[in-house]
Amino acid sequence: MSETIEQLTAHNLARAEYEAVRGGAGAGLFDLSTRGRIEVSGAEAVQFLNGLVTNDMKALAAGAWMYAALPNVQGRLLALARVLRPTAAETFLFETEAATRERVHQSLARFTLAGDFRVRELTDETVQLSVQGAQASAIIERALGREAAQLERLRAAAVTWREHALTVARATDTSEDGFELIGSREACAELRAALVAAGAQSCGADALEVLRVEAGLPRYGVDMTETNVVSESVPADAISYTKGCYVGQEIIARIHWRGHVAKKLAGLLFADDAVPAPGALIATADGKEIGRITSAVFSPRLGRAVALGYVKYDYLAPETEVRVGDEARRARVAELPLVRGSWWA
């Protein structure tokens, strides 16, 4: 009985945290400090980085951020990162998942002896907090001031708060409006307390996982791995097809200019609330295998099970009927994100 009570308590807590983010009346506060943060600087940083990542570093303006992938020579995905340029300096902050932190660091650091190109691992000396929800801007204004709150989407800035240096980026992890805050470990407790006092509700990993899948955001090692061609799983705006050569560029560009990838990450909406297991096969009504589930959750907003999975190109059209798993459960293909929150308003 005690285990059942604990499970029920955990479920109710995660639901309350979910509603804090998705409900529209507030925002959630997530500690994302386990994610990797790697600083790159130097007069030749842009030149070196342009040969390593899929996006155009020359196009990243001061005070902005963008997605970029690190591919291998076969055009397959080593890591996906947000690249922040909070000031006009030739200094960039790579923010990536914990699973790809070491890979990003090693991929960048091996070029530090080749020129004016410096790489500094910041993960252990910094924290990363994320405020997500329709009221995120109001909470940031109460806690940090108007300058930070008025930051536009896809923008980043260096902000001084109570003598602490912070990097602030307006970005979503949930399909809701949001802000990423990166600062020293010394600032963490004070910053967290200020955000909670301003109205943010502390949230955990269970709520974030549901929000992530609804938002259609892939997770490395779960929804994307080194077996995936970059363009199968990363956001379209993470890849430049005009900037010139970089590692894996020939293969990625060839696929693009010839038409399309063989499969792509897509959403699935089920008719009921039973959550399928990761790895479940996706098939047509007549049993032809066309893909596989990677992540699945119950969506409180949609009132049904939802999933991410790879689907062959010919079956990617929204509303395409499919069958999933040994039970041949009915589902239909859907565009991502599955839930379009306040970020898309």
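A salt bridge is a side-chain nitrogen of Lys or Arg within 4 Å of a carboxyl oxygen of Asp or Glu. By that rule, this predicted model holds 26 salt bridges. Welcome to the structure: the points below take you through some of these pairs, then through one glutamate and its surroundings, and finally through the empty spaces.

**Salt bridges, buried and exposed**

- Side chains of opposite charge can pair when their charged atoms come close.
- A good place to start is R82, which forms a salt bridge with D173, with 2.9 Å between the closest N and O atoms.
- This pair links distant parts of the chain, since R82 sits in strand 4 (residues 77-85) and D173 in the loop between strand 9 and strand 10, 91 residues apart.
- R82 has a relative accessible area of 5%, so R82 falls under the 20% limit and counts as buried.
- D173 is buried too, because its relative accessible area is 13%, where buried means under 20%.
- For a pair within one helix, turn to E250 and R254, whose closest N and O atoms are 3.1 Å apart in a salt bridge.
- Both E250 and R254 belong to helix 9 (residues 249-258), where four residues, about one turn of the helix, separate them.
- With a relative accessible area of 56%, E250 is exposed, while R254 is partly exposed at 36%.
- A further salt bridge brings together the side chains of R292 and E289, at 3.9 Å from N to O.
- R292 counts as partly exposed at 41% relative accessibility, and E289 is partly exposed at 41% as well.
- Some salt bridges share partners, and in this way R35, R82, E95 and D173 are joined into one network.

**E232 and its surroundings**

- You can find E232 in helix 8 (residues 230-233).
- Is E232 buried or exposed? E232 is buried, because its relative accessible area is 6%.
- The side chain of E232 makes a polar contact of 3.3 Å with the side chain of K263.
- Beyond its neighbours within four places in sequence, E232 is in contact with V261, K263, K264, L265 and Y310.

**The cavity**

- Rolling a probe the size of a water molecule over the atoms shows where empty space is left.
- How many cavities of 30 Å³ or more does a search of the whole structure find? The search finds one.
- The largest cavity contains about 30 Å³ of space.
- Its lining is made up of R82, L84, E95, Q128, A169, E180 and I182.
- R82 and E95, both in this lining, also belong to the salt-bridge network with R35 and D173.
- Strand 4 and strand 10 each give at least two residues to the lining of the largest cavity.
- By type, the lining of the largest cavity has three nonpolar residues, one polar and three charged.

**The second largest pocket**

- The second largest pocket has a volume of about 350 Å³.
- There are 18 residues lining this pocket, and those closest to its centre are E39, L93, L122, T167 and I182.
- Strand 5 (91-96), strand 9 (164-170) and strand 10 (178-184) are the elements that each give two or more residues to the lining of the second largest pocket.
- Nine of the residues lining the second largest pocket are nonpolar, six are polar and three are charged.
- I182 appears in both settings, as part of the lining of the largest cavity and among the residues closest to the centre of the second largest pocket.

Key. Residues numbered from 1 in each chain as written. Predicted model: local features only at pLDDT ≥ 70, side-chain atom pairs only at ≥ 80, totals over all residues. Heavy atoms only, no water. 1 Å grid on protein atoms, 1.4 Å probe; cavity = no way out; pocket = protein on both sides within 12 Å on 5 of 7 lines; lining within 4 Å. Points joined across faces, edges and corners; volume = space filled by probe spheres on them. Nonpolar A, V, L, I, M, F, W, Y, C, P; charged D, E, K, R; others polar. Buried < 20%, exposed > 50% of the residue type's maximum accessible area, 1.4 Å probe, protein only. Polar contact = N/O pair within 3.5 Å; in protein donor to acceptor, adjacent residues only side chain to side chain. Contact = heavy atoms within 4.5 Å.
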